[in-house]
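User: Please take a close look at one part of this model for me. I would like to see how one helix packs against its neighbours.

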Amino acid sequence: MMARLTRAQVREIDRRSIEEFQIPGIVLMENASRAAASVAWEMLEHRPDSVLVVCGAGNNGGDGLAVARHLHNLGAQVTIHPAVAHSKYTGDALINWQIVEAMKLPLGWLAKPALIVDALFGTGLSQPPRPDGATVIHRMNDANVPILAVDLPSGLDCDTGDPLGPCVKAVKTVTFVAEKIGFTNPVSRQYTGDVIVADIGCPRELIEEVGRSSR
């Protein structure tokens, strides 16, 4: 049984996959986004319904931007809500922002989509969301539609499984590489919903090596 990972271990696996195994970060992001988009499409029952993709900064937001373009290509009616200024995107997330800009995917907020994809905060969040982030979390929860969380629900602490403040209540979570250590906390289930582990291409040997340090 694969070990559950801490925040530090997730970062270590990402870093070593890129530096030691020569896997470009954009490839990992592409694999992650395809996996999440596939689950979202299943949740839509392959119907061309409306989807709101909420994207923060960093790699989690980049994942969300990539999910949005994959869902668009599958036929969904996608709207992106960037929760940060466009200038905040850097690296692989910036590449995906440039792609969705070139695709002219619509930006804004849908009051009642068929599905919300939460890509606001990732595993890096370790303190309560700031007021603007908290507002976005409340808006997602208040929409009263199914939410798919990307990697983990925004506002949940990766290591403890406790909410850091306002926290997205997802019906499903697509988490990457392995479950997070906080998912052992029963409290986390009311936020994660069903958890699906997605392979994003990190070498199995590396995951097992890093994972052993948590046992």
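Analyst: Helix 2 (25-43) and helix 3 (residues 58-74) pack at about 55 degrees, with axes 8 Å apart. Axes are lines fitted to C-alpha atoms, for helices over the stretch in contact, and angles run from 0 to 180 degrees between N-to-C directions. Helices are DSSP runs (H or I, at least four residues), numbered from the N terminus. This is a predicted model; local features need pLDDT of at least 70, side-chain atom pairs count only at pLDDT 80 or more, and totals for chains, interfaces and linings use all residues. Residues are numbered from 1 along each chain as its sequence is written, and side-chain values use heavy atoms, leaving out hydrogens and water.

Helix 2 and helix 3 are therefore oblique to each other (under 35 degrees is roughly parallel, over 145 roughly antiparallel, 65 to 115 roughly perpendicular, the rest oblique). Their crossing is right-handed (the near helix is turned clockwise from the far one by less than a right angle; anticlockwise is left-handed). In contact (heavy atoms within 4.5 Å), helix 2 residues including Met29, Ala36 and Trp41 meet helix 3 residues including Asn59, Val67 and Leu74.

Helix 3 also meets helix 4 (residues 91-103). Their axes come within 8 Å and cross at roughly 30 degrees. Helix 3 and helix 4 are therefore roughly parallel. This crossing is left-handed. Gly58, Leu65 and His72 are among the helix 3 residues in the contact, and Trp97 and Met103 among those of helix 4.
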